[in-house]
Amino acid sequence: MRFFEFEAREVVKRAGIPVTDFGFTTDPAEAAQIARRIGGPTVIKSQVLSGGRMKAGGVKFADTPQEAEDYAKDILQLEIGGHKPRGVLVDPKAEVEQEYYAGVVWDGTRKQPVMIFSPVGGIDIEQVAQEQPEKVGRRHFSNILPFGDFEAKEVIASTGVTGSALNKLVPIVTRLAKLFVDNDMTLAEINPLGQLADGSFVALDAHMEIENEARGRHKRLLAELGVGDEETRQAREATPFEIAGEEVDAQDHRGVAGNVTEFDGNLGLVIGAGGGSLTLFDAVRAHGGDPANYCEIGGNPSVSKACGLAKLVLQKPGVDKIAVMMSIVSNTRVDIVARGVIKACVELGHDPAEKIAIFRIPGAWEEEGFKILEKYGVDYADRSVSLNEAARRAVEKIGAAA
Amino acid sequence: MSILIDADTAFIVQGITGREAVNLTRECLDYGEGAKVVGGVTPGRLGREVHGVPVFDTVAQAVEHNGGPIDGSVVTVPPAFTKDAVFEAIENGVKLIVIVTERIPRRDVAQMVELANLRSARIIGPNCLGIIVPDVIKMGGIGGPAKNAAQAYRPGPIGVISRSGGMTTEMSSTLSAAGLGQSTAVSIGGDAIIGSTYAELMPLFEADEQTEGIVIYTEPGGRMEAELSRWVTENDSRLPIVAFMAGRFMDEMPGMSFGHAGTIVEGKEDTAGEKIARLAQAGIAVAERIEDIPTMIEEKIAGRAASGAAR
Amino acid sequence: MFIAVEVDDAAAADGELARRLTEACPVDIFAQTSSGSLELVEQNLDECVLCRLCLDASPDGVVKIIKLYDSDAVLA
């Protein structure tokens with residue numbers, strides 16, 4: 001989950017890294033007040049999650065509190081990347097001598113975090129790495145040994161930085177490493193880290209992302225920052241259909257009906273598990289099919305959960321039929337899923353044989369499952385029919401009916 | 001033969017009294033030659049039994065009861081406690097740890113992996129279904145009940161490595177139906193950081209005489225395929241590889257999260273298309289459909305044999 | 001619509017049997033009334049996982065699990 005800049009700055013501040021005396025607000029009049037308090041030129045920054053704020057007109061330099069208020073008013077209404085800002089940041093305009101970069105990210109191949117440092121900040125670090133590689137230092141660090149000051153010192157010195165700047169930067173870089181680890185971040189970046197005329201350093205911008213799986217152990221921090229439990233901050237907001245999908249999953253702890261994602265086609269998909277769902281979705285599209293949704297059944301769902309998911313998909317406007325397909329199952333029961341999807345059809349007043357384009361789930365309890373499917377006349381396939389072929393038949397069936 | 005485990009592998013189940021663990025213990029005891037599940041660990045339940053397997057409070061007690069070091073552990077302990085359980089296993093001399101648990105924070109996984117490295121232990125997973133040597137032994141829930149696993153998995157020359165548990169079985173079943181059994185199938189897990197990647201398992205398969213070819217399942221997200229391509233190129237491997245990649249549609253939908261936790265496509269990593277190109281450059285064929293895999297791997301194996309005979 | 005459960009009337013009045021069945025069933029098909037006799041929870045019938053724990057907990061023939069989708073075959 002990505003943090004807004006104003007939240008990330010707060011996290012940086014709590015870690016003991018100097019930040020500017022910024023203020024966050026959703027009210028233009030308050031922006032003026034903050035500017036007055038700061039006393040001097042300010043920068044008004046849109047608080048959206050997407051990049052390219054400057055280009056889109058979401059970053060403005062204000063000389064007076066009145067200008068701060070006017071710019072805030074405009075920027076609060078300005079959509080960037082399809083989103084309105086959460087608010088605006090009012091930042092003192094800093095007199096910066098030099099801009100640096102410091103960031104931590106996971107290296108999945110080395111399986112350790114890596115600290116990246118450069119005395120060339122303010123621009124895209126990938127660009128610096130390409131054009132001036134000797135100015136970008138990288139250092140992987142241990143997951144089980146506490147991060148040591150010497151490690152910060154080494155990575156900074158490797159880029160040629162020395163003197164008092166080196167000594168001032170070491171504690172900042174150390175605190176950034178600790179912040180990354182302690183908060184289960186997947187990305188913690190300060191760019192630019194500004195050096196002021198008096199030689200001190202201050203974080204002028206911060207970009208942080210916390211691992212979703214770890215949010216549960218940072219409830220207090222998230223609550224204090226005002227991040228809602230339900231906020232996922234995905235590329236787009238969850239639709240009512242998707243929210244309903246989450247409710248089906250939440251109502252019953254037995255098994256998983258997950259990752260329900262809305263599309264706009266006519267073929268409803270009740271599919272699983274993770275890898276199977278991806279494969280089936282690819283296959284449906286490859287055969288010219290038009291999925292109404294994506295989802296992932298997993299674990300050992302109850303009849304009730306399977307029924308709830310199937311009903312949700314069946315009732316989606318535009319859905320003609322559903323295809324019920326999974327890779328070979330070990331702990332999901334074929335007969336239980338069969339009961340669930342047939343029950344969904346019957347309770348909605350449909351004939352299962354007509355509404356279910358194909359049922360392809362081989363594996364645990366399949367003999368029992370096939371008995372149920374036969375009783376209701378549902379077209380089913382065993383493991384001798386591949387995922388790809390099952391998807392093809394589903395698309396053919398729905399095309400024939402159209 | 002096989003990699004990682006064989007008929008003599010003795011292991012414990014940590015979290016054995018949990019619902020999933022009770023099931024998989026039964027399955028492992030029933031499958032193949034019957035696994036040597038020498039104990040289970042659930043703190044507070046010393047003295048109980050699960051399907052005849054004695055339960056202990058600590059791994060140390062299990063080791064003592066065993067009269068010596070225990071080869072492996074299957075860990076099903078909930079995410080908040082997994083790291084501690086895995087550290088306990090490693091520090092008590094367990095060398096192969098299969099972590100079934102999902103949704104473990106990355107930092108914890110990284111710590112477990114680093115400690116394992118320091119102690120020359122190996123982790124498979126997390127968020128995985130384990131390892132199976134067809135007709136011999138399984139370690140984890142892979143393949144399900146013994147009867148189901150016996151249907152899908154047959155002994156043979158193909159090493160299978162998969163990021164998805166279910167797809168390990170689907171691909172193996174397809175291979176078995178085509179007469180191409182598996183030497184060992186490994187479900188390596190779907191998270192961003194895992195104990196053993198494709199490249200890290202390749203040397204083990206390379207050294208296994210029974211293995212003549214490799215089939216992998218992969219998805220967008222992560223850099224494991226790049227790592228594998230590098231390994232293959234640098235090591236002049238004797239083993240031909242066929243890959244199946246799911247989730248190609250994600251190239252058209254950046255920023256959304258599908259599939260496993262590790263499958264988030266962002267700008268800087270390879271797209272599915274780029275991954276396929278990279279694999280192809282390393283001589284790894286990418287199948288369009290799972291049903292194409294048997295013919296493809298068979299042809300590659302025959303090709304290698306022919307060029308080997310020609311020397 | 002998939003599973004029917006029949007319990008011998010006399011046995012259903014037995015509070016001890018009712019308690020055992022209620023404890024045994026993992027999907028809560030059985031419950032006890034306030035007077036201790038057995039009652040079936042209709043909405044859970046379709047969740048029956050054919051585990052036989054209820055058959056194990058009762059004398060032979062007292063509880064019948066019927067598969068309505070399989071020509072009313074009785075679970076043995």
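In this predicted model, A:Ala244, A:Gly245 and A:Val248 of α8(A) meet A:Lys305, A:Gly308, A:Leu309 and A:Leu312 of α10(A). "Meeting" here is contact, that is, C-beta atoms placed from the backbone and lying within 7 Å. By class, the residues of this contact come out as 4 nonpolar, 2 polar and 1 charged. For the classes, Ala, Val, Leu, Ile, Met, Phe, Trp, Tyr, Cys and Pro are nonpolar, Asp, Glu, Lys and Arg are charged, and the others, Gly among them, are polar.

Two packed helices are described by the angle between their axes and the distance between the axes. Helix α8 (residues 240-251) and helix α10 (residues 303-314) of chain A have axes that come within 9 Å and cross at roughly 170°. α8(A) and α10(A) are therefore roughly antiparallel to each other. The axes are lines fitted to C-alpha atoms, for helices over the stretch in contact, with angles from 0 to 180 degrees between N-to-C directions. Under 35 degrees counts as roughly parallel, over 145 as roughly antiparallel, 65 to 115 as roughly perpendicular and the rest as oblique. Helices (H or I, at least four residues) and strands (E, at least two) are DSSP runs, numbered from the N terminus.

A word on bookkeeping: residues are numbered from 1 along each chain as its sequence is written, while chains are lettered from A and ligands numbered from 1 in the order in which they are written. Because the model is predicted, local features need pLDDT of at least 70 and side-chain atom pairs count only at pLDDT 80 or more, whereas totals for chains, interfaces and linings use all residues.

Now for the chains together. Of the 2 pairs of chains that touch, A and B share the most contacts. Chain A puts 37 residues into that contact and chain B puts in 43 residues. On the chain A side, α9 (274-286) and α14 (387-401) are the elements giving two or more residues, and α9(A) has the largest share, 8 residues. Chain C touches chain A through 6 residues, which meet 9 residues of chain A. Chains B and C have no contact, and their closest C-alpha atoms lie 12 Å apart.

| Side | Nonpolar | Polar | Charged |
|---|---|---|---|
| Chain A, touching chain B | 13 residues | 17 residues | 7 residues |
| Chain C, touching chain A | 3 residues | no residues | 3 residues |

Inside chain B, helix α2 (residues 59-66) has B:Val59, B:Ala62 and B:Val63 buried. Buried means 20 or more other C-beta atoms within 10 Å of a residue's own, exposed means 12 or fewer, and partly exposed is in between, with C-beta atoms placed from the backbone. The buried residues cover an arc of only 100° around the axis, so they sit on the same side of α2(B). What covers them includes β1 (10-14), β2 (36-41), β4 (53-56) and α3 (79-91) of chain B. After α2(B) comes B:Gly67, with a positive phi near 75°.

B:Arg122 belongs to strand β7 (residues 122-124) of chain B and counts as partly exposed, with 19 C-beta neighbours inside 10 Å. Leaving out residues up to four places away in sequence, B:Arg122 touches B:Lys95, B:Leu96, B:Ala116, B:Gly195 and B:Ser196.

Over in chain C, C:Ser35 lies in the loop between β2 (30-32) and β3 (38-40). C:Ser35 is exposed, with 9 other C-beta atoms within 10 Å.

How values were computed: Arc of directions from axis to C-beta.
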